[in-house]
Amino acid sequence: MSLPEQADDSITLDTFLEGVWRQNPVFVMVLGMCPTLAVTVSAINALSMGVATTFVLVSSCLLISMIRNLVPKEVRIATYIVIIATFVTLVDYLIQAVSLKLYEALGAFIQLIVVNCIILGRAEAHASKHPPLKSVINALGMGVGFTIGLFALGGTREILGAGNLFGISLFGEHFQPWVVMVLPPGGFFVLGGWLLLFALLRSKPATEGGH
Amino acid sequence: MSAPEQSQTPASKMILTMGVVACVCGVLIVGAFQSTQEAIAENKRIVLERAVFKVLPGAATVRKYAATPAGIQPLTGDAVPEGGVKFYAAYDQSGGLKGIAAEAAGKGYADTVRVLYGYEAKCQCIVGISVVSMRETPGIGDKIITDQAFLKNFEALDVRVNPEMTALANAVKTVKHGSKSNAWQIDAIAGATVTSKAVGRGINDSAQALLPKLVAHIGELQP
């Protein structure tokens, strides 16, 4: 896997941090909103979905990057989708083998990782142009960023909507859960709140650039 | 037809690439399927046993059967013969028949509410239910899991079969909160009537289909 490094293929901290902060898939690029809104009713669901997506992202980017010079560009999308679908099927079986309860909680959204635009986006925009190690680091950053995004939503929604975190009661008997937060509209409310917060945090350094 | 400006990829290379990728992916998928198959089957068995033991406390083993118009037959896979209804026979430590568990499904407020109910031949009644899956509103519809007054309906819900063995003697019916007067009625949860009715309708449909076929042959289940 040790390909000769070219000038633009140097691996910096930004290769990893790009997905975590500057290009965070949830808070900045607002990609993959379907699982983001649908499965984040609890912290554990959000975390599992994030880990599953990260696994698919990293493995498919590794494979795609390794064969990037062999795949003719005319058939690249079809090839990528086959590879992504393969890893999604692997994750599907693995989750069933680990916990059926989790499998039912995540439902169709495991299979829908196939069409998560973060993954095909990374494959097309990054893995198909960079050597394996760099692609994997970049994909891992994106995956971590996505997982952080899902966890931020899932944790907030579980705390507000059920008074729990990871199923552990936080406020005791007398807490009246804010039920709407674990219902579909709550996903939008919490996502909106986080997007606002992120935009505020990012706007400070960005103003210097006249943006 | 103008000559191609740049070197074009030959069709054979495209087909070869996709073929090789598809082959590798196929091997990966089949490998994953085969290596997780056992763990998944074991998981499913544990989930089923736990659910059956919950509605029939005291049970120790579970066997799958199908009740058909011709009689009862054991099931090995998931395929149920035509006109048959799947059910689970639960046995206690000493091997005696503890009861029957079967699945019921009714359309709820958000999605289908699926429950498992336990049936005891001695009293010809349903002795417990447990929710298999639902997407009802948290805090409202999901009271069917926790509401003690509602669950009390299923401690001895009358599902006797009529003398002709064609249907239940009295159809299971969900009635308005506080107006239950017969053993075959279910007292709905105030404010969660739709979900309560889904449970009642599901149990009625399932019991009407299963019990008339089952009761006549229930003696065959004794080991």
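In the predicted model, the second largest pocket is lined by residues of two chains, with Leu63(A), Ile67(A), Leu70(A), Val71(A) and Ile83(A) contributed by chain A, and Leu16(B), Thr17(B), Val20(B), Val21(B), Val24(B) and Cys25(B) by chain B. The volume of this pocket comes to about 190 Å³. Among the elements that line the second largest pocket, helix H1 of chain B, spanning residues 11–55, gives the most, with 6 residues. Sorted by class, the lining of this pocket comprises 10 nonpolar residues and 1 polar residue, while charged residues are absent from it.

Chain B also holds an open sheet of 7 strands, which follow one another in the order E2-E1-E3-E4-E5-E6-E7 and pair in the antiparallel sense. The edges of this sheet are taken by strand E2 (71–74) and strand E7 (157–158) of chain B, each of which has a single partner strand, so that one side of each is left without a neighbour in the sheet.

Within this sheet, strand E5 (residues 112–120) and strand E6 (residues 125–133) of chain B are joined by 7 bridges and run antiparallel. Two of the residue pairs can be named for this pairing: Glu120(B) stands opposite Cys125(B) of E6(B), and Tyr119(B) has Ile126(B), also in E6(B), as its bridge partner. The hairpin formed by E5(B) and E6(B) has 4 residues between the strands, and in this hairpin Gln124(B) adopts a positive phi near 50°. On the pairing of E6(B) with E7(B), the two strands are antiparallel and connected by 2 bridges. Ile126(B), the bridge partner of Tyr119(B), stands opposite Leu157(B) in E7(B). In a regular strand, side chains point alternately to the two faces of the sheet.

The sheet of chain B is accompanied by helix H4 (residues 193–215) of the same chain, which lies across strand E1 (61–68), E2, strand E3 (85–91), strand E4 (97–107), E5, E6 and E7. Relative to E4(B), helix H4 of chain B runs at about 130°.

Aromatic contacts were also counted, and with ring centres required to lie within 6.5 Å, 9 aromatic pairs are found over all chains. One of these is formed by Trp21(A) and Phe198(A), whose rings are 4.9 Å apart centre to centre, with 45° between the planes, and are accordingly classed as tilted. Because Trp21(A) lies in helix H1 (residues 13–22) of chain A and Phe198(A) in helix H8 (residues 184–208) of chain A, this pair ties together parts that are 177 residues apart in sequence.

Methods
Residues numbered from 1 in each chain as written. Chains lettered and ligands numbered in written order. Predicted model: local features only at pLDDT ≥ 70, side-chain atom pairs only at ≥ 80, totals over all residues. Heavy atoms only, no water. 1 Å grid on protein atoms, 1.4 Å probe; cavity = no way out; pocket = protein on both sides within 12 Å on 5 of 7 lines; lining within 4 Å. Points joined across faces, edges and corners; volume = space filled by probe spheres on them. Nonpolar A, V, L, I, M, F, W, Y, C, P; charged D, E, K, R; others polar. Pairing = 2+ DSSP bridges. Contact = heavy atoms within 4.5 Å. Axes fitted to C-alpha atoms, helices over the stretch in contact; angles between N-to-C directions. Phe/Tyr/Trp six-rings, centres within 6.5 Å; stacked < 30°, edge-to-face > 60°.
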